[in-house]
Amino acid sequence: MTTHSLLILPGDGIGPEVMTEVRKIIDWFGAKRDLPFDVSEDLVGGCAYDKHGTPLHDDTMAKAQEVDAVLLGAVGGPKYDDLDFSVKPERGLLRLRKEMDLFANLRPAQCFDALADFSSLKKDIVSGLDIMIVRELTSGIYFGEPRGIFKEGNERVGINTQRYTESEIDRVARAAFELARRRGNKVCSMEKANVMESGILWREVVNRVHQESYADVELSHMYADNGAMQLVRAPKQFDVIVTDNLFGDILSDCAAMLTGSLGMLPSASLGAPMANGRPKALYEPVHGSAPDIADQAKANPIACILSFAMALRYSFDQGDEAARLEQAVESVLASGARTADLMGPEGGTPVSTSDMGDAVLRALDASL
Ligand code: IPM
Ligand code: MG
């Protein structure tokens, strides 16, 4: 029996509450599916700052490098708004991404049948939607140098630099093509090659990788602003979208909202393969720490539960068990259980955070 190691970083706000539910699910797989996990827990974000004066302690960083996968809740909150930029909760998350070299951020936007009415778009435009945004996560304007606020004459200037090397584009393009082959076999690459040199290079490299290794996958290109428009006009035209760090940040929020259920969406951030052949990986819900509803048993644990499902699939090679968990979540939604964020005009049964976790456990039991 192999044990899988998992580092859990619940973080701030609703992070700890939703993670409590995920722990129950993890234990279920150990007890009922003979899939034991060696789980350790640590601090990230504001809570780490409170204890250590840094949003990510070096020991935690070292642990993250050793485990098979990291599962993170959420970071940040108003309490930390006035902290110096260098120790803001978000810096902990960015350090994990950068030092683990998690260059491919997978953000699925999937519309659950039971929730199609929640979208701000018409139901027929979103029902059945299933797209995957692959966002480059460790380079681009988030990390490019020079950066800073500098003095220029008698005023200040704020500078960030969009910078991409060919190899950085190459590896994220490959990740997108590989994924597309396991889904709808289509990739749309988004940049602004009409105004940015980094976009021209991006398009060139994506085309080269396509011709060299993935000619069987259908490839198209779009300027990112048009991409944003197409996402709200006719999102079902897309299968996999590959784009840079900043456009990916924005486009993935837009895609998430299309589904009407931000509280439902998981994500995976993957790096290069480790010695065991699996990629370095961090999984986290797309939603934030939602401090306004923290500690009120209102949070929806499903995005975090589905992030664990992605871990089962991408880090532990358990695609069938991931599908089992995803189906359990679908059946709970179909049964009408609704956390506060999912309560709409058509009603449903209001449930608390832990009720929702328990309902998923019952659906898992029923799947056996
Ligand atoms: C995200 C978030 C982060 C980002 C923040 C919290 C640093 O918006 O994961 O999309 O901008 O990447
Ligand atoms: Mg974002």
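**Group meeting: helix α3, strand β8 and the overall fold**

Let me begin with helix α3, where the face turned away from the buried side carries the exposed residues D58, D59 and E66. I should say straight away that this is a predicted model, and what I describe today should be heard with that in mind.

Staying with α3, which spans residues 58-66, the residues T60, M61 and A64 are buried. These three cover an arc of only 100° around the axis, and therefore they lie on the same side of α3. As for what covers the buried residues of this helix, the list includes β1, at residues 4-11, together with β3, at 69-74, and α4, at 89-99.

Let me now move to strand β8. How many of the six residues of β8 are buried? Five of them are, and because of that the strand, residues 186-191, is largely enclosed by the rest of the structure. The chain goes on from β8 through helix α7, residues 197-213, to β9, and the β-α-β crossover made in this way is right-handed.

The pairing of β8 with β9, which covers residues 218-223, is parallel and rests on six bridges; within it, V187 has L219 of β9 as its bridge partner. β8 also pairs with strand β10, residues 240-243, again in the parallel sense, here over four bridges, and in that pairing C188 stands opposite I241 of β10. For anyone following on the screen, V187 with L219 and C188 with I241 are convenient pairs from which to trace the two pairings.

Let me close with the protein as a whole, whose secondary structure comes to 12 helices and 14 strands. Which radius of gyration would a compact globule with 368 residues have, and what does the protein have? The expected value is near 21 Å and the protein has 20 Å, so the two agree. Taken along the principal axes, the box that the C-alpha atoms fill is roughly 60 × 50 × 45 Å.

Turning to burial, 53% of the 368 residues are buried, while the accessible surface comes to about 15700 Å², with 50% of that area belonging to carbon and sulfur atoms. Finally, if we consider the contacts between residues at least 6 apart in sequence, 74% of them join residues at least 24 apart.

Key. Residues are numbered from 1 along each chain as its sequence is written. Chains are lettered from A and ligands numbered from 1 in the order in which they are written. This is a predicted model: local features need pLDDT of at least 70, side-chain atom pairs count only at pLDDT 80 or more; totals for chains, interfaces and linings use all residues. Side-chain values use heavy atoms; hydrogens and water are left out. Buried means under 20% relative accessible area, exposed over 50%, partly exposed in between (1.4 Å probe, protein chains only). Two strands pair if DSSP finds at least two bridges between them. A crossover is right-handed if, with the strands pointing away from the viewer, the path from the first strand over the helix to the second runs clockwise. The radius of gyration is taken over C-alpha atoms; the globule rule is 2.2 Å times the number of residues to the power 0.38. Contact means heavy atoms within 4.5 Å. Accessible areas come from the Shrake-Rupley method with a 1.4 Å probe; for residues, only the protein chains shown count as cover. The arc is that of the directions from the helix axis to the C-beta atoms.
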